Amino acid sequence: MVTKFRVGLFLALHIFAVTGEFLTEGIEVDRFCYPELHKNTRKSCECNSDSSPPWGLRVVNIDCSFKSLKTEDFSEMLPLYTDRLDLTWNALQRVPALSSETLRHLNLMHNNISIIVAKNFINMLNLRELYLSWNSIQSIETNAFDELGHLQILDLSHNNLHSLGFQIFSPLMILESLYLSWNRQLNQTEGIQDLDFYQTFGVNINLKTLKLEACSLGNITLPKKVVLKELDLRRNRLTEVPQSLPSTLEKIDLSENLFLTLNEEDTKRLPQIRELYMEDMPVLHTLDENAFVPLQSLEKISFQNSRRLSHIDGHTFGANPTPSPRLHSMIFRGTGLQSFNSTLSPIFFQLSALDLHGVPLRCDCNLVWLKNVRLETNGRCFKPSRMRGITLTSADASDFSCERWPRWIYGIIILGLIVLCSVGIYLIVMGLRPHGGVTMRRKVGPGSPYSRVTIEPNRQEQY
């Protein structure tokens, strides 16, 4: 019975697809169909007919990129069945008032748009993706996104936004991805650092990706009971992990912020995190004790090019670290770390990727255990000088030796030997001199042969 049902369903879908193909077969699309004012000129946009999944119905994709078009060059009505419209790299100063019931993808990147006016998209009811990055947008009017109830991706990155209006995103009821990165003065928005970001700006609670890179933020407050999966806070002014973050976060980028250390209090705020990025950190220097203990779901962590990172505590994963079945990748490439305590060996042995390229390793007896990690780490010895440049995999385990005494003791011993040699040489030289090497000074007096002699003139010569 089930088999007959599947066969019947397959035939019905096949008939529906064929019928749809016949319905659209007679539609011919002029290759240069839009805009109406510039048909078959150098400013004509290229129109291509395509089949959209899953039914294979015919759609029209319009490419208007690199045409030097202005807003007034566009006609409002788009061709039938338009699915994608690419208006990148033109001279648009505002968003054209377009009308289409089928448009799903609108790309306005790399133009000169400075403002988004109210109800700019009310005739594009089925729009799913809207890209407005790399413009000069300074303000967004209230109700600018009205009637975009089906929008899933909104990209406003790389603009000059100084502030966001109250409840500006509330019409976007199923928004999944919001990109606000590289609006460097966005921190001037009232309440953006202290108030609940979702409630203040009307963000959909089902948002999955939020990107706020390079927005000059010192803090961000997000509700805990939302389904956000990915958060990008790279290149801001954070000195610690924000205290209010969703418990569902799986990926967070905190790179290029002002952390001095990473400690247990920070990571407690990221209980479900799988990927943690703290790359290019300008002042981070220490990974504290128990810093990674709360991260039980961690799969990947990267400190790439955090050049001042010089110390990782031997108990960073706890006093008795147990291998996590999920953690598979650690990247220390380009950091200032010189050694790793052997207490970290249970963690390192379980990894499938460990990057130590450019790390100035001190290859002594404390690091010899790292040779047993069966991975190509690209790590090279920096000290001692006799091993400089040798890779960990090619170095011999017997070369990983430690000095028994500190170097300053060797210096004192050498200085003492020099003093002893000097004294010995002096005694030998003095011993080889005549009279046993001792000369007594005689006093000069009346009985001394060296006493002063006065010669008086001959009296006879006076006469």
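Me: Where in the chain is A214 placed, and is this residue buried or exposed?
Reply: In this predicted model, A214 belongs to the loop that runs between β10 (209-211) and β11. The cut-off for a buried residue is a relative accessible area under 20%. A214 has 2% relative accessibility, and therefore this loop residue counts as buried.

Me: What is the phi angle of A214?
Reply: Most residues other than glycine have a negative phi. A214 is not a glycine, yet its phi is positive. The value for A214 is about 55 degrees.

Me: Which residue in the loop between β6 and β7 has a positive phi, and what is its relative accessibility?
Reply: The loop between β6 and β7 holds W134. Phi of W134 is near 60 degrees, a positive value in a residue other than glycine. W134 counts as partly exposed, because its relative accessibility is 42%.

Me: Which residue follows the cis peptide bond that starts at Y34, and where is that residue placed?
Reply: Most peptide bonds are trans. The bond from Y34 has omega near -5 degrees and is cis. The residue after Y34 in this bond is P35, and its place is the loop between α1 and β1.

Me: What is omega for the bond between K383 and P384?
Reply: P384 is found in the loop between β21 (380-383) and α5. The peptide bond that joins K383 to P384 is cis. Its omega is about -5 degrees.

Me: Which residues does T200 contact beyond its neighbours within four places in sequence?
Reply: T200 sits in helix α2 (residues 197-201). T200 is buried, since its relative accessible area is 10%. A polar atom of the T200 side chain also lies 2.7 Å from the backbone oxygen of D196. Leaving aside neighbours within four places, the contacts of T200 are F166, Q167 and L195.

Me: In what order do the strands of the three-stranded open sheet stand, and which strands are at its edges?
Reply: Strands of a sheet pair through backbone hydrogen bonds, either parallel or antiparallel. Here the pairing is parallel, and the order is β13-β15-β17. Two of these strands have a single partner each, so one side of each is left without a neighbour in the sheet. The edge strands are β13 (261-262) and β17 (311-312).

Me: Which residue of β17 is the bridge partner of L287?
Reply: Strand β15 (residues 286-287) pairs with β17 in the parallel sense. Two bridges support this pairing. The bridge partner of L287 in β17 is I312.

Me: How many residues apart in sequence are E46 and R31, whose side chains meet in a salt bridge?
Reply: Side chains of opposite charge can pair when their charged atoms come close. The N to O distance between E46 and R31 is 3.2 Å. The pair links distant parts of the chain: E46 is in strand β1 (residues 46-52), R31 is in the loop between α1 (2-25) and β1, and the separation is 15 residues.

Me: Which residue forms a salt bridge with D146, and is D146 buried or exposed?
Reply: D146 meets the side chain of K119 in a salt bridge of 3.2 Å, N to O. The pair joins the loop between β7 (139-140) and β8 (153-155), where D146 lies, to the loop between β5 (115-116) and β6 (129-131), which holds K119, 27 residues apart. K119 is partly exposed, with a relative accessible area of 45%. With a relative accessible area of 14%, the partner D146 is buried.

Me: Which residues are joined in one network of salt bridges with E279 and R234?
Reply: The side chains of E279 and R234 form a salt bridge at 3.7 Å, N to O. E279 is buried, with a relative accessible area of 15%, and R234 is buried at 14%. Salt bridges that share partners join these two residues with R235, D253, E256 and D280.

Me: What accessible area does the nonpolar surface patch that includes L415 have?
Reply: L415 lies in helix α5 (residues 407-431). At 54% relative accessibility, L415 counts as exposed. The patch is formed by L415, V419, V423, Y426 and L427, and their accessible area together is about 510 Å².

Technical notes
Residues numbered from 1 in each chain as written. Predicted model: local features only at pLDDT ≥ 70, side-chain atom pairs only at ≥ 80, totals over all residues. Heavy atoms only, no water. Helix = DSSP H or I, 4+ residues; strand = E, 2+ residues; numbered from the N terminus. Buried < 20%, exposed > 50% of the residue type's maximum accessible area, 1.4 Å probe, protein only. Polar contact = N/O pair within 3.5 Å; in protein donor to acceptor, adjacent residues only side chain to side chain. Contact = heavy atoms within 4.5 Å. Pairing = 2+ DSSP bridges. Patch = residues over 30% accessible without salt bridge, like charges linked within 9 Å, V, L, I, M, F, W, Y side chains within 5 Å. Areas by Shrake-Rupley, 256 points an atom, 1.4 Å probe, with all protein chains shown as cover. Salt bridge = Lys/Arg side-chain N within 4 Å of Asp/Glu carboxyl O.
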